[in-house]
Amino acid sequence: MLNVLLWLPVAVCVAVAVMPKRAAGPVSVIGSLGTLGLAIALAIDFDSGIPGLQYVVDESWIAELGVRYQLGIDGISLFLVVMTALLWTACFTWASFRSPERPRNFFLMLGLAQFGTMGAFLAQDLLLFVAFFDLMLIPFFFLIGSYGTGDRVRATIKMMVYTLVGSLLMLVAAIATAVLAAPDGGEISFAMADLRANLLPEGSQDWIFCFFGAAFLVKMPSFPLHGWLVDAYRAAPLPVLALLSGVLSKVAAYGFLRVVLPIYPDATVQFQDLILVIATASILYGSVMAFTQTNVRLIAGYSSIAQLGFITLGIFSLTPDGADGAVLQMVNHAIVVVPTFLVIAILYERFGTDDLRGMGGAAKRAPVLAAMFLIVTMATLAMPGSANFIGEFYILNGLFDSNTALAVVATAGIAMAAFYALRMFQLTMHNRLPVGAESREVGWRDGVVLIPLVGVIIAMAFFPGVIIEHGEASVQDKIGAVAE
Amino acid sequence: MSFQAPDIDYAGLSPVIALTAGLVAVLLVGLIGRGQRVAVSATSLVAYLAAAGLSIWQFGENKELVAGALRVDELGLIATLIAIGCAIFVIPLSWREEASDDAPGPGGHGEFQGLLMASVLGMAMLAMAQNLVIFFVGLELLSIPLYVLCGSALRRRASLESGLKYLIIGALGSATLLYGLAFIYGGSGSTDFDGIRAGIGSGLADDPLVLIGVALTAAGLAFKLSIAPFHQWTPDVYQGAPTPVTAFMAVATKAAAFAVFARFFEVALGPTVGDWQPALAALAAVSILVGNVGALTQSSLKRLLGYSGIAQAGYMLVGIVAANEIGIQALFFYLAAYAFMNMAAFAVITIRERETGFGDDIRQIQGLGRERPALAWPMTIAMLGLAGLPGTAGFIGKLYLLEASVAADYTWLGVAIVIGTMISLAYYLRVIAAIWMRPAYLADPTPESGHRVLPAIAGGSPEADALASGIGGVRCPVIIGLTIAAAIATIFFGIIPSPLVDFVSGAGEAITTALG
């Protein structure tokens, strides 16, 4: 099952690469719908009572080095996988209606990106995880460099160097973990379950934790490691940026929960306060920057930094509530960010600019667009009643137990979120229309993508418990690993 | 005292014999006038395939030949096979190169291929050497034809310069090596690797003769492998030499020289591993740093790959520093992967050199993604592989080396590898960006870039030039086919590495057996 889920995008995108250009878009969309269907089927079939892995695939890959091809899903990754499939479907559909130049190349890269991301969520072998973590970046390099705007080549190289610096350190750290953890004369194994059974001494855990932590914090990105963000967010094509911001950042947060907590528990406790401070700083920095920017891409980008800060807080509160909230919030944020960027793309088409000062009045003749954007905005600012509210509530609840002072500071972040989200809504949708721009309703093509996504946001507001219930057992297991 | 002729095991010697016979045949066939290119190429191909087949036949053997001068084991055979593979790749790559503007009229094929085969023969001997004399003879047999080949583009000043430079620096390297070997003989009283092992005692520092000898030998080998700080010749020679020769030199020389490096250090100097390990580790780290930093600012692709080769040699040296079975396996896995990636890259450069007027300047590949996907993809895959990104054989190779270094308690060297890799991203990605993200460069090529034809520095004439330019269209389909095959191999072994891992695992076992 998981093999199909993982390799279907590759099969489709390679097939697309040799098809006639006109077929590229539709075939990609159908392929991604297939992946989505499969992911949903897995979610329905999933047994939420078990903390361990389900649908496990376990094959030998590089026997000499002890690397296995090991896939599995547990309650933490389940909805992230579904979300990945859903959001990629949305972006495939969006892009195929807009028929990019050199479409086969575009869809090939997008499909490979899905493969890499899906692989990172499914991998249960530490090295396989690291490999997918690196792999998912490569297509983004091509997508931003070839299809972006402005100074795209410099931006994409900068992003690659920044993020790969982190992940290469992670590669050494992963290898060191497996070699040092191997019992004397025993076989080296990268399986996360084995590594969890043979924990490293604390001294080694510490430096390895730093390498992993750096990689994940860069990828999120988190203040002060967000140097690549501004250029990449300015240059990236919007559907690609939606995935970059919505899904790739989650892989990093997920990495903390999947890899760092269970395998380096002593170091996690050791560095807990440091990470909490960094996360809080990210919330404050991201929020402040988000309401001083006028470029809508950057507003969304900085707000991502803040949101990822919340997720990190939840994970490193090291309480079950905080981590439950973090898992929920990972899905929430991804589902909210993608429509945000798609609305930004629509606004760009209306106004020909990314700058708030050149926008306004978009709602005039477009009530549906305005309503959808309003729902997205409300979810972004974690309005009570939205699933984001539940997520942030859980996170802060968990954090109050472990670090009350930071929880109080972080609460300020929620207030600031209201400020920048509403500011963006107002300045784009209300006010006067700029000269030369017209307010138009979303066409059916955009509606096909946006309406289901907004529908998911609403559905999640009604049933946030589904994600928490599914995740609970696995989260307990990971938090328990640290507590021992 | 009666002379006792040694028993000769012809089966074990057969790859060397096949190459020698092929060498003679190629030189003779080269005397044919018409249809020379086809005849010479076919003869060389047959000879290489025969040698490769015989090597594969000898796989699994582990025996001494010619009174212990050579040793047939998988370590040597794998290095030989890599060298042969590169030489086969170079046959179509050099078709036009020698026939037209770079060789004197219709005379070149037999000599070119003959020299190439002599060099391969030297590599085979070097890879199997387990005696100081054969070590040196093999190294010279490898090097001298390459000096000539580097200068074989007779009408290009850069090529002549490259040949001369390589000759002088190479001779210096050889002299250093020979001096070192003499010291080792003096210190240990033996020329056999096993004898040296028995003669040197347990610490290098005990005997200044041996210590000096080992240092000089390492320096001499480092010259050949272009390991910093003995690398200064590399960028100039790589850039100046005809591109097919550069391609061959970059990979095959490394394979053979690393084979003897591994055998010499791990067999002959095995007991003193603690003494030479730190020194080689330092060399590796310096090479990784110097190569990667040097490549950053290059605009000539061949120079860029030259510097990248210095860094890659540093990575590979880590396999020897690790001094364990997995290290040797890592070294040879990396060599094999390196062969695929480099061949693909150099083939694309060769084709574009002929199609555009930019020589090997990075402008030659701008906009390739749009115009020539069949060339753009192999080049992209080669660059991703050299950068060690996952999904390519280069990643598995780095993984192997990292695991070897950590297992040998040289984690800091592993960190050096990844720091080098980080730096390298900047220039490998620049090449990819040029292919996919920049428009084709349309301005008139500047005349000084590479292809200026000089009247006749050595042995040419206007008549010969006219004749030469008429010969041979570009035999691109074959080259493109091979290039794509190399790129596919890079990806294939990145996803399913087991076949290649099984292939190289014998090399590690060979060392263990030799020590056993």
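Reader: Where does helix α1 of chain B bend, and by how much?

Author: The general idea is to compare the direction of the helix on either side of a residue. In this predicted model, helix α1 of chain B, which covers residues 10–29, bends by about 40° at B:Val16. The residue at the bend, B:Val16, is itself among the buried residues of α1(B), a list that also includes B:Pro15, B:Gly12, B:Ala18 and B:Leu19. Further along the helix, B:Gly22, B:Leu23, B:Val26 and B:Val29 are buried too.

Reader: How should I read burial for a single residue, and how many other C-beta atoms surround B:Ala256 within 10 Å?

Author: Burial is read here by counting neighbours, and a residue is called buried if 20 or more other C-beta atoms lie within 10 Å of its own. B:Ala256, which sits in helix α11 of chain B, has 30 such atoms within 10 Å and is therefore buried. Leaving aside neighbours within four places in sequence, B:Ala256 is in contact with B:Ala79, B:Ala83, B:Met123, B:Leu126, B:Ala127 and B:Leu142. A pair separated along the chain can also be brought together in space, as with B:Ala256 and B:Ala124, which are 132 residues apart in sequence but 7.0 Å apart from C-alpha to C-alpha.

Reader: Which residues touch the most other members of the largest nonpolar core?

Author: In soluble globular proteins, nonpolar side chains tend to be buried together. In this model the largest nonpolar core has 402 residues, and those touching the most other members are B:Ala83, B:Leu126, B:Ala256 and B:Ala344. The largest share of this core comes from α14(B), with 22 residues.

Reader: How do I read the packing of α14 of chain B against α11 of chain B, parallel or antiparallel?

Author: The angle between the helix axes gives the relative direction, and angles over 145 degrees count as roughly antiparallel. Helix α11 (residues 243–268) and helix α14 (residues 325–355) of chain B pack at about 170°, with their axes 8 Å apart, and α11(B) is therefore roughly antiparallel to α14(B). Among the residues making the contact are B:Ala247, B:Val251, B:Lys254 and B:Phe258 of α11(B), together with B:Leu331, B:Tyr338, B:Phe346 and B:Glu353 of α14(B). Sorted by class, this contact has 15 nonpolar, four polar and two charged residues.

Reader: Which helix pairs in chain A can be read in that way?

Author: One case is helix α13 (residues 296–316) with helix α14 (residues 320–351) of chain A, which pack at an angle of about 175° with their axes 9 Å apart; α13(A) is therefore roughly antiparallel to α14(A). Their contact includes A:Arg297, A:Phe310 and A:Ile311 of α13(A), and A:Met330, A:His333 and A:Phe341 of α14(A). By class it comprises twelve nonpolar, eight polar and one charged residues.

Another case is helix α16 (residues 387–402) with helix α17 (residues 404–429) of chain A, whose axes come within 8 Å and cross at roughly 160°, so that α16(A) is roughly antiparallel to α17(A). A:Glu392, A:Leu396, A:Leu399 and A:Phe400 of α16(A) take part, with partners on α17(A) that include A:Thr404, A:Ala410 and A:Ile414. The classes here are seven nonpolar, two polar and one charged residues.

Reader: How many residues does each chain give to the contact between chains, and which helix gives the most on the side of chain A?

Author: An interface can be read by listing who takes part on each side. The contact takes 24 residues from chain A and 28 residues from chain B. On the side of chain A that touches chain B, α5 (126–135), α6 (137–147) and α7 (152–181) each supply at least two residues, and α7(A) gives the most, with 14 residues. That side has 19 nonpolar, two polar and three charged residues.

Definitions and conventions: Residues are numbered from 1 along each chain as its sequence is written. Chains are lettered from A and ligands numbered from 1 in the order in which they are written. This is a predicted model: local features need pLDDT of at least 70, side-chain atom pairs count only at pLDDT 80 or more; totals for chains, interfaces and linings use all residues. Axes are lines fitted to C-alpha atoms, for helices over the stretch in contact, and angles run from 0 to 180 degrees between N-to-C directions. Helices (H or I, at least four residues) and strands (E, at least two) are DSSP runs, numbered from the N terminus. Angles under 35 degrees count as roughly parallel, over 145 as roughly antiparallel, 65 to 115 as roughly perpendicular and the rest as oblique. Two residues are in contact if their C-beta atoms, placed from the backbone, lie within 7 Å. Ala, Val, Leu, Ile, Met, Phe, Trp, Tyr, Cys and Pro count as nonpolar, Asp, Glu, Lys and Arg as charged, and the others, Gly among them, as polar. A residue is buried if 20 or more other C-beta atoms lie within 10 Å of its own, exposed if 12 or fewer, and partly exposed in between; C-beta atoms are placed from the backbone. The bend at a residue is the angle between axes fitted to the seven residues ending there and the seven starting there. A nonpolar core is a set of buried Ala, Val, Leu, Ile, Met, Phe, Trp, Tyr and Cys residues joined through C-beta atoms within 7 Å.
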